[in-house]
Amino acid sequence: MAKNRVIVLSIIDSGLRPAEVARRYGVSRRWVQILLARYREGGLDALDPGSRRPHHSPHATPAHVLARIVELRHELSTTGQDAGAMTISMRLEREGLPCPSRATIHRILSDHALVTPQPRKRPRSSWHMFAADQPNQMWQADFTHWPLADGTDTEILNFLDDHSRLLLTTRALTPVTGPLVTATFLDLTNTYGAPAAMLTDNGMVFTTRFAQGRRTIKTLNSFERTLQDHGVRQLNGAPNHPQTQGKIERFHQTLKRWLSAQPPAPDIPALQSQLHTFHTWYNTARPHRALNRQTPTEAYAATPKAAPTPHSAPVDTPCAPTASTNTARSPCATPARCATSASDEPTTAAPSDSSSTTTTSSSPTSRPTPPWPSSPSTSPAATRKRNRTPEKTRALPREPCPETPANDVPRLHKRGARGIRTPDLFHAMEARYQLRHSPESGDPRGPDTG
């Protein structure tokens, strides 16, 4: 330090007394004496600040553990396995060696120049992570590309259990097709049972929901039909958002790192043999960080398995009168969804100005049973909340009420529950049209001659 040298040189060269030098430079007389003693022992170089490192650290990592950490790093990297601080820590525990913290292992690897600097990543607190509670509650499926020794591109199809990360199967194909995906799924259901849900991306081999434009009735592929036959709920991630299938996408990284450390496979059977070896190692020998250092096989066997939930078809049963029925506007005691009155008897309308009496039954105005499921009933609280909506923003359509005709055309009142509205509006308009153009309608405007 320059100040220490100035203090000593002021005494030696200028002949100042230690007390005067201490007063001039604002230090204690004892510190001046210490600097003079250092100068007599080692010269001016001894005046520079020394290391404050203790001579002995009882909590330091033992030398043999430090050497094993470096050795494991090279060993795991060479064989294509995960070689991070967490993996090394798990290996040290299984070998019975003292295990430092993950931060200490990372610092040791950095001191030996074994860590490649990476750009700043997204913080973990911003991730929205999910996992199934039981094995077979959800499976994930996807395929990735891998070249053979001669550069031929192949596709590797993988099925993964979302809860335990168990690799259900891995197959090398050229290429992956819909029937092959279906056959693989059926083989897995014979071995592990059917899952409750299936999560995939929007590939054509998994779903055709984006491949048929705006067609109202879409055609299902073989995989979608098989899932429906087994009662499996099909889930698809959003387009251009692979984070939804993050588990199997991260699995592809582990698979490709392991394959990169193996000799290039000359053909499909050789690649499939390597995949069988990887399948056994991944499920039984590789502890998983997300499973509290368990292997996928251990996690899969530790919890009861889930099964597909049977979905009962909704039944369009008659509704009971609710608080939303507006009896002031209409004396009909049945709800808006019901096409007939409570007694199912024909009602007689009031005589018109032409003194003709028209008998109106429920058949011309009854809405045919739609092929889609009926909308669920709503609670009185939800009905009151919806009734507070302004008139222009209330949900259409309205439905015929057979007991309150006006000009022989049934009046319409609102549906009692939200749901599919366009088909209901169509049926109501069709009923109006039929009554208006029938000879018995007595519409003063007459039939539409234009």
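How close do the axes of α5 and α6 come, and at roughly what angle do they cross? In this predicted model, the two axes come within 9 Å of each other. They cross at roughly 110°. Helices α5 and α6 are therefore roughly perpendicular to each other, since angles of 65 to 115 degrees fall in that class. The crossing of this pair is right-handed. On the α5 side, the contact is formed by A85, M86, I88, S89 and L92. On the α6 side, R102, I105, H106 and L109 take part. Sorted by class, the contact of α5 with α6 has six nonpolar residues, two polar residues and one charged residue.

The whole chain gives the setting for this pair. The protein contains 14 helices and nine strands. It has 450 residues, of which 35% count as buried. Contacts between residues at least 6 apart in sequence were also sorted by their spacing along the chain. Of these contacts, 60% join residues at least 24 apart.

Helix α5 has a second partner. Two packed helices are described by the angle between their axes and the distance between the axes. Helix α4 spans residues 63–78, and helix α5 spans residues 85–94. Their axes lie 10 Å apart and make an angle of about 120°. That angle makes α4 oblique to α5. An angle has to be 65 to 115 degrees to count as roughly perpendicular. The crossing of α4 and α5 is right-handed. Helix α4 contributes V65, R68, I69, L72, R73, E75 and L76 to the contact. These residues meet T87, I88, R91 and L92 of α5. By class, the contact of α4 with α5 has six nonpolar, one polar and four charged residues. Residue I88 of α5 is named in the contact with α4, and I88 is also named in the contact with α6. L92 likewise appears in the contact with α4 and in the contact with α6.

Residue H64 also belongs to helix α4. Neighbours within four places in sequence were left aside for its contacts. On that basis, H64 is in contact with L97 and P98. H64 and P98 are 34 residues apart along the chain. Their C-alpha atoms are separated by 9.8 Å.

Helix α6 covers residues 102–111. Four of its residues, T104, I105, I108 and L109, are buried. They cover an arc of only 135° around the axis, which puts them on the same side of α6. What do the buried residues of α6 pack against? Their partners are α4 and α5. I105 and L109, both buried, are also among the α6 residues that meet α5. The other side of α6 carries A103 and D111, which are exposed. Beyond the helix comes A113, with a positive phi near 60°.

Other backbone features occur further along the chain. Most residues other than glycine have a negative phi, and most peptide bonds are trans. The peptide bond from T174 to P175 is cis, with omega near -10°. P175 sits in the loop between β3 (167–173) and α7 (178–192).

Two asparagines have a positive phi. N240 is not a glycine, yet its phi is positive, at about 60°. It lies in the loop between β5 (233–236) and α9 (246–260). N240 has a relative accessible area of 81%, so it is exposed. The cut-off for that class is over 50%. N292 also has a positive phi, near 60°, and it is a residue other than glycine. The loop that holds N292 runs between α10 (268–284) and α11 (296–301). Its relative accessible area is 68%, so N292 counts as exposed.

A further loop residue is T219. This residue lies between β4 (197–200) and α8 (222–229). Is T219 buried, partly exposed or exposed? Its relative accessibility is 43%, so T219 counts as partly exposed. Residues up to four places away in sequence were not counted among its contacts. T219 then touches T208, Q212 and E224. T208 and T219 are 11 residues apart in sequence. In space, they are 7.5 Å apart, C-alpha to C-alpha.

Methods:
Residues are numbered from 1 along each chain as its sequence is written. This is a predicted model: local features need pLDDT of at least 70, side-chain atom pairs count only at pLDDT 80 or more; totals for chains, interfaces and linings use all residues. Side-chain values use heavy atoms; hydrogens and water are left out. Axes are lines fitted to C-alpha atoms, for helices over the stretch in contact, and angles run from 0 to 180 degrees between N-to-C directions. Angles under 35 degrees count as roughly parallel, over 145 as roughly antiparallel, 65 to 115 as roughly perpendicular and the rest as oblique. A crossing is left-handed if the near helix is turned anticlockwise from the far one by less than a right angle, and right-handed if clockwise. Contact means heavy atoms within 4.5 Å. Ala, Val, Leu, Ile, Met, Phe, Trp, Tyr, Cys and Pro count as nonpolar, Asp, Glu, Lys and Arg as charged, and the others, Gly among them, as polar. Buried means under 20% relative accessible area, exposed over 50%, partly exposed in between (1.4 Å probe, protein chains only). The arc is that of the directions from the helix axis to the C-beta atoms.
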